[in-house]
Amino acid sequence: MGKGNGKEDDQLTLKNLCNNNATTCIFVSPTVESSTREQDGSIDKPWKSIHQALYHARLLRTEEKNPHNIVLFLRHGVHYLDGKPLRLTKANNDLILRGYP
């Protein structure tokens, strides 16, 4: 059996990780062009900022009582904080940050 290429392997890993009942995946892309109303943190409609993604993760933990692992996938590019502090709270415990091409 031949080895898959890196992109196929990444897609398979992502599919296995995000399509199960134990993990919630939230995507962030600094180059997204859509308005905030159109963004939902999915792979097709990622958040533009890490702040939006953290807020989304906190809502899942506190309001929806989501017990799943939460993974923030940061797409390639420069993620600016725009002078805002990056505050992590108890709701962000066990949060996983991963790069994604």
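1. Helices here are DSSP runs of H or I with at least four residues, strands are runs of E with at least two, and both are numbered from the N terminus. With that in hand, the chain of this predicted model has two helices and three strands. Read from the N terminus, the order of the elements is α-β-α-β-β. Helix α1 covers 6-18 and strand β1 covers 23-28, helix α2 spans 50-62, and strands β2 and β3 take up 69-75 and 95-100.

2. A word on burial, as several points below lean on it. The chain has 101 residues, and 32% of them are buried. The cut-offs to keep in mind are under 20% relative accessible area for buried and over 50% for exposed, with partly exposed in between.

3. Two residues in regular elements are good places to start looking at the interior. I26 belongs to strand β1, and its relative accessible area is 0%, so I26 is buried. Its C-alpha lies 9.1 Å from that of L54, a residue 28 positions away along the chain. A53 sits in helix α2 and is also buried, because its relative accessibility is 0%. From A53 to L72 the C-alpha distance is 7.2 Å, across a sequence separation of 19 residues.

4. Do have a look at G41 too. This glycine is in the loop between β1 and α2, yet G41 counts as buried because its relative accessible area is 2%. G41 and Q52 are 11 residues apart in sequence, and 8.6 Å separates their C-alpha atoms.

5. N20 makes a nice contrast with G41 in the matter of accessibility. N20 is a residue of the loop between α1 and β1. Its relative accessible area is 29%, which falls between the 20% and 50% cut-offs, so N20 is partly exposed. Its C-alpha is separated by 9.9 Å from that of H68, which is 48 residues away along the chain.

6. Now for the largest pocket, which holds about 180 Å³ of space. Its lining consists of P30, K48, S49, H51, V78, H79, Y80, L81, D82 and K84. By residue class, these divide into four nonpolar, three polar and three charged. I would suggest displaying the lining alongside the surface patch in point 7, since L81 is listed in both.

7. On the surface, L81, L86 and L88 form a nonpolar patch, and together they have about 270 Å² of accessible area. Take L88 as one of its members: L88 is in the loop between β2 and β3. The relative accessibility of L88 is 59%, so this leucine counts as exposed under the cut-off of over 50%.

8. That loop between β2 and β3 also deserves a backbone check. D82, one of the residues lining the largest pocket, is located in this loop. Its phi is near 50 degrees, a positive value in a residue that is not glycine. D82 is exposed, because its relative accessibility reaches 66%.

9. D94 raises a similar point for anyone going through the backbone angles. The loop between β2 and β3 holds D94, and phi of D94 is near 65 degrees, again positive in a residue other than glycine. Why does D94 count as exposed? Its relative accessibility is 62%, which is over the 50% cut-off.

10. To bring the points on this loop together: D82, D94 and L88 are found between β2 and β3. Relative accessibilities there are 66% for D82, 62% for D94 and 59% for L88. On the buried side, keep I26 of β1 in view, along with A53 of α2 and G41 of the loop between β1 and α2.

Note on methods. Residues numbered from 1 in each chain as written. Predicted model: local features only at pLDDT ≥ 70, side-chain atom pairs only at ≥ 80, totals over all residues. Heavy atoms only, no water. 1 Å grid on protein atoms, 1.4 Å probe; cavity = no way out; pocket = protein on both sides within 12 Å on 5 of 7 lines; lining within 4 Å. Points joined across faces, edges and corners; volume = space filled by probe spheres on them. Nonpolar A, V, L, I, M, F, W, Y, C, P; charged D, E, K, R; others polar. Patch = residues over 30% accessible without salt bridge, like charges linked within 9 Å, V, L, I, M, F, W, Y side chains within 5 Å. Areas by Shrake-Rupley, 256 points an atom, 1.4 Å probe, with all protein chains shown as cover. Salt bridge = Lys/Arg side-chain N within 4 Å of Asp/Glu carboxyl O. Buried < 20%, exposed > 50% of the residue type's maximum accessible area, 1.4 Å probe, protein only.
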